[in-house]
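Thanks for making the time this morning. I would like to walk through one chain with you, and I will start in a loop before moving on to the sheets and the pocket.

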Amino acid sequence: MIRSGLAPIDEALGGVVPARIHLLTGALGTGKTAACLQFIATSLRAGEPAAMITADRGSDLKALALYLGIDIDAPLRSGLLQLVRYRPQFGAALAASRSPERAYFDLRKMLGAETPARIAIDPLDPFLGDGGPVNAGSLALVDFLDQLGATSLLTHPSEPSAGFDRRLDPIIGRSVAVMRLERGRENVRFLRVLRSRVSDVPIAPVAFKVHRDGGIKSYPQIKEGAESEQPLSRSPRRLLVLHTSDSPANEVVDLMNRDYQTEVRRAPAPEDALDIAGDDIDGIVLAVSHDTVAAALSLVCRLNEQADIVPIVVAARFNLRSIDRAHALRAGADEILATDMGAPEFLQRLAAAISRKHVPTARITPPYSDALILQPRRGFAHAPLSRDEFASALASHVSQDNPTQYTVVTFAPMQAGTPGTSEFLPLRYLSDVVMRASRIRSGDLTAVIDDCVAVYLHGAHQDQAAAFADRVKKVWAGRRRGALRIESFPYPSGEPRLRTMFEGLDVKMRPKLPTMFEVSTS
């Protein structure tokens, strides 16, 4: 270990490790550039060569150095200090280059014949590239610094509440320490150690101030635990993950573990208490599966009724139907996420939702409502619609000015004697399976029509209907009921075939249907 020249780092870690990478993050104005200047100034005072790669103008950098009491003019003239500035569009050009090694070769020449003892890169972001493979830029930078053999201080802009850019993974993995600068009150700032390979991570941050003609110095007057002088935010944020299925949604949890502390629990049953009062959490994430959407919506309603509830996020491995997303938002969810949208978008949307306060549904204006026809109940169980009731419900839906997309799927047991079939079973067994798989509270409707069971999937596109049909088929096969003949009628392309389902209705019983369900009497 050697002294870094930065009092907060030396106090927190005991110094820096020669020829290794050290990563310093922080928001705008927290002192990252001042730290880099003071870092290389320590090398210059010892007569050792140093280098700095910067995005700032030379005049601006010299002005800041002058404020800190650091002379960089003389070392620049003597060649002891090499100052390199990024050119415009450097990141895009590096990402588009077929041989990025050439750029690093040119950079090595610009640093002079003598290897610098220390190098500061402020910020490192242009090396991450603009496009191209996600980690290609950071991997190349790590290799370059390893070959250079200089003690390195790299900076990256980030807010305390934000997670790390995934492109930084190779750099974080190779860094001796990852630190963050945070703003406090009255010009007091804090250095917090996030990860360290050389010492225990201090629990409390180290306070410091940036002085004219003195640079960065520790601020010992701050008493540990003094609330008024602590950083304005804490990290990492904590999320309570409630999984509504039998097992946790590992894909969802793994994504969130990148940037958050997560506590995973089984979602409480409707008759159980919520038991979240007093938990020190920043947000609640409901992990849902295909079969638990209705249960998740009920849980959102219960959470929304709690006083001072934190933001509520619904997350799934798949993209929910549009109508289910609308119902979740109406029930009180602050955001709807799916892992198939990609990790960067997922994490950014999650960070934005957690950073906002929860908005109770009563305060959302204007209110929205849709007239859904719901599956009727007979006693304690839902009952399938008849052919006439199903036709009337569809007619009511498509008669709206802008009807929601839907798909009708029919399931028919294979005829007796067909290979793979079992003995005849009443269609009520099949309709029960279909209703259990459907989203009844979201407007799905199931009916028994002649020799098949039909289900209207409200808001479902053809691919979502196909996934629904696969679930029904698996459940039916698991009960050893034989094969099913499945047909799909997406709106509006399935209109001609769907119309035949209602041909032959008794004229007296025929509802007044729009063109889609007109029946010829000739």
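Let me begin with Asp213, which counts as exposed because its relative accessibility is 58% and the cut-off for that word is over 50%. Please keep in mind throughout that what you see is a predicted model. Asp213 sits in the loop between β8, residues 206-211, and β9, residues 215-218, and its phi is positive, about 60°, although it is not a glycine. Ala19 also has a positive phi, near 65°, in a residue other than glycine, and its place is the loop between α1 (7-13) and β1 (21-26). With a relative accessible area of 35%, Ala19 is partly exposed.

Now let me step back to the chain as a whole. It has 17 helices and 20 strands, and buried residues account for 46% of its 522 residues. If we take the contacts between residues at least 6 apart in sequence, 69% of them join residues at least 24 apart.

Next, strand β2, residues 50-54. How many of its five residues are buried? The answer is five of five, and the covering applies to both faces, with Ala50, Met52 and Thr54 buried on one side and Ala51 and Ile53 buried on the other. That split follows a familiar pattern, because side chains in a regular strand alternate between the two faces of the sheet. As for its partners, β2 is joined by five bridges to β3, residues 81-85, and the two run parallel, with Ile53 standing opposite Val84. A further five bridges pair β2 with β4, residues 118-122, again in the parallel sense, and here Thr54 stands opposite Asp122. Asp122 deserves a second look, since the peptide bond from Asp122 to Pro123 is cis, with omega near -5°, and Pro123 is found in the loop between β4 and α7, residues 125-128.

Let me turn to the open sheet of five strands, whose order is β11-β10-β12-β13-β14, with parallel pairing. Why is one side of β11 (261-266) and of β14 (335-338) left without a neighbour in the sheet? Both stand at the edges, each with a single partner strand, so there is nothing in the sheet beside that side. From one strand to the next the twist averages 25°. Within this sheet, β10, residues 238-243, is joined to β12, residues 283-288, by five bridges, and Leu242 stands opposite Leu286.

Two helices can be placed against these strands. Helix α13, residues 343-355, packs on the sheet, where it touches β10, β12, β13 and β14, and its direction makes about 160° with that of β14. Helix α11, residues 293-304, lies across β10, β12 and β13 (312-316) and runs at about 165° to β12.

One residue of α11 that I would pick out is Leu297, which is buried, with a relative accessible area of 9%. Its C-alpha atom is separated by 9.5 Å from that of Leu286, eleven residues away along the chain. Leaving out residues up to four places away in sequence, Leu297 touches Asp324, His327, Ala328, Ala331 and Ser442.

The same helix brings us to the largest pocket, which holds about 710 Å³ of space. It is lined by 27 residues, and those closest to its centre are Asp291, Ala294, Ala295, Arg436 and Arg441. The elements that give two or more residues to the lining are α11, β16 (381-382) and α15 (427-437), and the largest share, six residues, comes from α11. By class, the lining has twelve nonpolar, seven polar and eight charged residues.

Finally, there is an open sheet of four strands, in the order β18-β19-β17-β20, with antiparallel pairing. Here β18 (445-449) and β20 (484-490) stand at the edges, each with a single partner strand, so one side of each lacks a neighbour in the sheet. Ignoring direction, neighbouring strands of this sheet are turned by 20° against each other on average. Seven bridges join β17, residues 406-413, to β20, and the bridge partner of Ala412 in β20 is Arg485. Helix α15 packs on this sheet, touching β17, β18, β19 (452-458) and β20, and its direction makes about 15° with that of β19.

Methods
Residues are numbered from 1 along each chain as its sequence is written. This is a predicted model: local features need pLDDT of at least 70, side-chain atom pairs count only at pLDDT 80 or more; totals for chains, interfaces and linings use all residues. Side-chain values use heavy atoms; hydrogens and water are left out. Two strands pair if DSSP finds at least two bridges between them. Axes are lines fitted to C-alpha atoms, for helices over the stretch in contact, and angles run from 0 to 180 degrees between N-to-C directions. Contact means heavy atoms within 4.5 Å. On a 1 Å grid over the protein atoms alone, a cavity is a set of points where a 1.4 Å probe fits but cannot get out, and a pocket is an open set with protein on both sides within 12 Å along at least five of seven lines; lining residues have an atom within 4 Å of a point. Grid points are joined across faces, edges and corners, and a volume is the space filled by probe spheres set on the points. Ala, Val, Leu, Ile, Met, Phe, Trp, Tyr, Cys and Pro count as nonpolar, Asp, Glu, Lys and Arg as charged, and the others, Gly among them, as polar. Buried means under 20% relative accessible area, exposed over 50%, partly exposed in between (1.4 Å probe, protein chains only).
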